[in-house]
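Work through these exercises with the model open. Each has a task and a stepwise solution.

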Amino acid sequence: MNYRVPLQDMAFLTRQHSDEHQSLIIEQAARMAEQQWAPANARGDQQGCQLEQGKVQLAHDIRETFCRYAADGWMGLALPQRWGGQQQSEVLAAQVGEMLTSANHALSMLPALTISACRAIITHGSDQLRDTYLPPIIAGQWTATMCMTEAHCGSDLGLVRSKAQPGADGYRIYGSKIFISYGSHDASENIIHLVLARVADAPAGIKGLSLFLVPEKIQNSRGEWQQDNSVVCTGIEDKMGIHASPTCSLSFDGALGYLVGQEQGGINAMFTMMNEMRLGTCLQGVGLSERSFQKSLGYAIERLQMRSLSGAKNPQGEADAIVEHPDVRRMLLTQKAFADGGRALANYCAQLLDQQAAEPNDKDATLLLELLTPIAKGFCTEAGLESASHAIQIYGGHGYIRENGVEQLYRDGRIATLYEGTSGIQALDLLGRKVLGNQGASLRLFTKKIHRLCNENLQHPQLAKLVQRLLPFARQWPELSMQLGVKAMQNHDEAGAASFDFLMYSGYVTLGYFQLKSALDAWQLLQQQDSAFSDDFLQQKIQLADFYLQRLLPRTAAYRETMLAGLESLNPVW
Ligand SMILES: Cc1cc2nc3c(=O)[nH]c(=O)nc-3n(C[C@H](O)[C@H](O)[C@H](O)COP(=O)(O)OP(=O)(O)OC[C@H]3O[C@@H](n4cnc5c(N)ncnc54)[C@H](O)[C@@H]3O)c2cc1C
């Protein structure tokens, strides 16, 4: 089953703020995703990458597909016009981002990282850095990386050992980074590394780090960007999935670098990139759920096995299609509910980013984004994996073999709960910093929205039951956070013992809000004569919300119980 961009689902979310020009862009992006990116996915997985004499060669189809994307100007879609971008909305960029990652996860990382690096340069770089580096990147000639991880430090960036020595022309960077995605490749003329390193005498720990822009190639005496800059790719990883994406070890041996922002302001600057990437990784989870659903549904309609318990549904055939079996439907609806709910959450985060750009002093938008980013990243990637696992299950043994491509979905998607901060790290960030750290201010903002939506619809002629299912969470969620806060004051480890369960609980409630909203909107549209959506499509939205609120939201009960179980049961003797 070939990938089809869920254009209607996307249009349903943006129906109030999308114009003809944007629709045209979406259609073009959809064609690119379906006709170029998706067909390159399996071949990229089979061919992988080669390292030859310190240079990575991408799989042929991956390189060609990227070069076409870059030449067609997609890199600058949401980046500022000042440096050659098209300055389209974040909402539009998020939709395109989902299509590309659904079509080809491994390749989608290259533009995602490059665009996030641009954000860090725009927000923290000097005018000179911005004017020199952004135009060729935005034009698609150069790409960028994020260089944080070292062999002894991943989650704990405070341990970074890479060094920077100030000199007359900039800084000299020394150190070894590992796991750098697209740290070397042959699809762009230059690679701009954003490197976390410590200037000599800077304090230990995370606050002592600075961020440097380190080009792979610097200008020679004739001003051409052709001189090698002491950055060498020393190896690429042989790994579980995303084979088309080179995961590089890089050695910096006195490479020339330029400070981005202030000395010792590195982690702050890198966070601009990381937050953007976290929302990008959320899209990977959403895209994975969507792709898993599409492949599974196509198969479930065709695969004939056993008879429906309530009597034959395909009496002329040898057996009924497996889509008739309630257990298979359970899995399909779970995938679809995660895709739809996650997409709505991602779309809302993108709206908040647009709001922030329009009104930088909008404190509510900032608070909501802070709260929702770890939920979006942490929950949607975990949900994506569950969806991919269901895809294998729906295919049965045929899902476990390579030929059908669903095992690739799982292998590729598995990374999303790990990089850009593991789910454990997202969970700590959510509970520790974003909820307890601001005395629940951002959580209250969001639960007020749940409250309002529910209260306005308590007497709804058709959906009151769904409203009743979500309403209690508007109170229970902040109450739980307070209970955990009290425990954590006695022993900080209590927060760590509860954080993952709290993250998952938060994710289910958040998607519950978006599912309810989707059902209410669909119902509203059903009452109109001239809606752009078919009645069947709108009814499906209501059914999906009903499924979600009855069958997935109750998982919160288990998370609630386990998050309150405390530290005691986590003290084994090994
Ligand atoms: C394919 C791939 C691509 C990558 N791309 C990039 C890239 O482009 N740039 C880059 O800089 N890095 C990249 N990474 C690195 C990635 O971001 C790290 O692997 C990730 O952040 C986790 O770090 P780690 O692997 O060192 O695990 P560790 O930090 O050692 O964590 C191991 C486990 O311990 C848990 N843990 C750690 N600390 C805590 C804590 N305080 N509380 C609770 N649990 C904790 C973690 O959640 C995890 O489960 C990539 C990695 C891979 C595999």
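## Exercise 1: Polar contacts of the ligand

Task: find which polar atoms of the protein meet the ligand, starting with Gly154.

Solution. Step 1: a backbone N or O atom of Gly154 is 3.5 Å from a ligand oxygen atom. A polar contact here is a pair of N or O atoms within 3.5 Å. Step 2: go to Met146, where a polar backbone atom lies 2.7 Å from a nitrogen atom of the ligand. Step 3: turn to Thr149, which places a polar side-chain atom 2.7 Å from a ligand nitrogen atom. Step 4: add the cover. The protein covers 62% of the 970 Å² of accessible area that the ligand has on its own (Shrake-Rupley method, 1.4 Å probe).

The model is predicted: local features need pLDDT of at least 70, side-chain atom pairs count only at pLDDT 80 or more, and totals for chains, interfaces and linings use all residues. Residues are numbered from 1 along each chain as its sequence is written, and side-chain values use heavy atoms, with hydrogens and water left out.

## Exercise 2: The shell

Task: state which elements give two or more residues to the shell around the ligand.

Solution. Step 1: the elements are strand S5 (171-181) and helix H13 (423-435) (DSSP runs numbered from the N terminus; helices are H or I, at least four residues, and strands E, at least two). Step 2: S5 gives the largest share, three residues. Step 3: sort the shell by type. There are 10 nonpolar, six polar and two charged residues (Asp, Glu, Lys and Arg count as charged; Ala, Val, Leu, Ile, Met, Phe, Trp, Tyr, Cys and Pro as nonpolar; the others, Gly among them, as polar).

## Exercise 3: The whole chain

Task: describe the extent of the chain along its principal axes.

Solution. Step 1: the C-alpha trace spans about 80 × 60 × 55 Å. Step 2: count the elements: 18 helices and 11 strands.

Definitions and conventions: Polar contact = N/O pair within 3.5 Å; in protein donor to acceptor, adjacent residues only side chain to side chain.
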